[in-house]
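Hello,

Here is the structure I promised to pass on to you. Have a look at it first, and then read my notes underneath.

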Amino acid sequence: MQSPFAPGPRGLRIAARLGLARDGSVRAGRLAAVLVVFAWLPLLVLTLMAGTAYGGRASVPFVSDFLHYGRYLVALPILVLIHPYIDRQVTLALASLREAGLVRPADEATLRDHVERARRLWLSPLARLVLFGLAIASAFLMVRTTAAIDAPDWIFRPGSDPRDLSAAGWWNSAVGGPLVRLLFLFALWKLLVWSWFLLQLARMPLNYQPMHADGCAGLSILERVQFGFSGIAAALSIQFGCIIADAVGYRGLELASFRLPVAVFVVLMVFILLGPLAVFIRPLLVASIRAEQSFHAWYSRASHEVDKSLKQLDSEAVSSGLTSPQISSLTDAATLYSGALQARKIPVTSRGLAAVLGASILPMCIPLLPLLPLKEIAARLAKIVM
C-alpha cells in the first residue's frame, strides 16, 4: 500500500519539466540544492554589492550572522530531505501492519479508505492555498516589523533614518524567509495529517499482539515514521541555536539565560513529535489487560500441575519425576506472562525518545562551537538541560 503522501500527478509533471523529478518521484537532493541557491546566494551577492557582507561597514556583517547560515544552509535542506524518508517509512509501516496481521482481512477496506482520505487531505488545494497564504502573510509581517526589532544591520541600508531595508533585507524578509516558513508549514501539515491517520488507526479493531518481541504489541514500526518528523525539530533547533549564538556573541548575553527557553523547546518537541502515538495508549492498555488475564490463568494451571506432581514425589525423585513437557509449559507460561506485564502502553521506545531529544538538542550546539570551548559548552548545556 502506497504512502498517502506521494506527490500528486500535477506536481510531478511540473517538477519533471524543471528537472527535479524522475521515475515518478521528486529528486529531493536536487530540489534542496536549487532552493538553497535561490534563497541564500542572492543575499551573499547583494551584501557584497552593498559592502555589508564583511568588514567594518556593518557591525554584524552578513558572513558573521549565524542565523542565516542555520536557516538557509541547514534548516532549509532538512525540511526538503525529510519528506522522502517519511514517505518510505509510512509505506513500510502500512505494509507491516498488514503482513504482521495487525489489520484483519475484514478491515483492510477500512484501512485503504483511511489512507485515501489522508491522501486527499495532504493534496487538498484548499490546505495548500492556506499554507501559501500564511507564508505570504509572514512576508508582509516581516517587512513591517524588521525595522522595529534589533536585527543585524546588514539588513538595512547604511545610514538610513529611519532604517530602511536594503536589497538584501528585502530578499530575506520577502523571499528567503517566507520560503523556509512555507517548507516548515508543509512539514507540519504532513505531521498533522499523519497524526489524524494514527487517530483513525487507533479506532480500528486492530489485532494487537502484547507478546510481540518489539515490546509495543507490534506497533514499533510506527515510531520509525516519527524519526523522520524529527527533522522538524532539527530544523528549528539549528535556528534556535543560531539565535542564541548571535545573542551570546554580539549582545553579550549569558548562555545560562536561555535555560528556560531551551527546556521549553525540548519538551515541546517531544510532545509534538511523539504525542501523536499516545492515541494507542487506551487500546494497548486494554489488549495488555486481556493478555495478562489470559496468561495468568495459563500460568496458574501450569504451576498447579507442577506443584501437584511435586507433592507426589519425595525429594530424591523430583528431578526424574518431572517431565520435560511440564517444565517447558511452566517456563513458557512464565515468559509470556512476564512479557504481558512488561509490554509498553505506548509505542515509544528509548531509542525513539533519544532520537527526538538528539534532534532537538544537538543541532542547537553547532553554532555555539565557534564561540566557546567545547568543554565549556558541554558543561553549560548540561546545566541547562538538567
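Below is what turned up, going from the whole chain to single residues.

Please keep in mind that this is a predicted model. The chain has 13 helices and two strands. Of its 386 residues, 44% are buried. If you take contacts between residues at least 6 apart in sequence, 79% of them join residues at least 24 apart.

A good place to start looking is helix α7, residues 220-250. Two packed helices are described by the angle between their axes and the distance between the axes. Helix α7 packs with helix α8 (residues 259-274) at an angle of about 165 degrees, and their axes are 10 Å apart. That angle makes α7 roughly antiparallel to α8. The crossing of these two helices is right-handed. On the α7 side, the contact is made by Q226, F229, S230, A233, L236, S237, F240 and I244. They meet P261, V262, F265, M269, L273 and L274 of α8. Sorted by kind, the residues of this contact are 11 nonpolar, three polar and no charged.

Helix α7 also packs with helix α12, residues 350-365. Here the angle is about 20 degrees, with the axes 5 Å apart. Angles under 35 degrees count as roughly parallel, and α7 and α12 are therefore roughly parallel to each other. Their crossing, too, is right-handed. From α7, the residues E223, R224, F227, S230, A233, A234, S237, I238, F240, G241 and I244 take part. Their partners in α12 are R351, G352, L353, A355, V356, A359, S360, I361, P363 and M364. This contact divides into 13 nonpolar, five polar and three charged residues. If you colour α7 by partner, you will find S230 among the residues that meet α8, and S230 is also among those that meet α12.

One more detail involves α8 and a residue you have just met. V267 sits in helix α8 and, at 58% relative accessibility, counts as exposed. The C-alpha atoms of V267 and S360 are separated by 9.1 Å, although the two residues are 93 apart along the chain.

Next, the aromatic rings. How many aromatic pairs does a search of the whole structure find? There are nine of them. One pair is formed by F132 and F186, which are edge-to-face, with 6.0 Å from centre to centre and 85 degrees between the planes. F132 lies in helix α5 (residues 125-145) and F186 in helix α6 (residues 167-203), so this pair ties together parts that are 54 residues apart in sequence. Are the two rings' residues buried or exposed? F132 counts as partly exposed, at 41% relative accessibility, whereas F186 is buried, with a relative accessible area of 15%. Both belong to one aromatic cluster, together with F5 and W122.

Finally, look at the start of the chain. S3 lies in the segment before α1, which covers 9-17. With a relative accessible area of 2%, S3 is buried. Leaving aside neighbours within four places in sequence, S3 is in contact with D87, V90, T91, L94 and R119.

Enjoy exploring, and write back with any questions.

Best wishes

Technical notes. Residues are numbered from 1 along each chain as its sequence is written. This is a predicted model: local features need pLDDT of at least 70, side-chain atom pairs count only at pLDDT 80 or more; totals for chains, interfaces and linings use all residues. Side-chain values use heavy atoms; hydrogens and water are left out. Axes are lines fitted to C-alpha atoms, for helices over the stretch in contact, and angles run from 0 to 180 degrees between N-to-C directions. Helices (H or I, at least four residues) and strands (E, at least two) are DSSP runs, numbered from the N terminus. Angles under 35 degrees count as roughly parallel, over 145 as roughly antiparallel, 65 to 115 as roughly perpendicular and the rest as oblique. A crossing is left-handed if the near helix is turned anticlockwise from the far one by less than a right angle, and right-handed if clockwise. Contact means heavy atoms within 4.5 Å. Ala, Val, Leu, Ile, Met, Phe, Trp, Tyr, Cys and Pro count as nonpolar, Asp, Glu, Lys and Arg as charged, and the others, Gly among them, as polar. Rings of Phe, Tyr and Trp (its six-membered ring) pair if their centres lie within 6.5 Å; planes under 30 degrees apart count as stacked, over 60 as edge-to-face and the rest as tilted. Buried means under 20% relative accessible area, exposed over 50%, partly exposed in between (1.4 Å probe, protein chains only).
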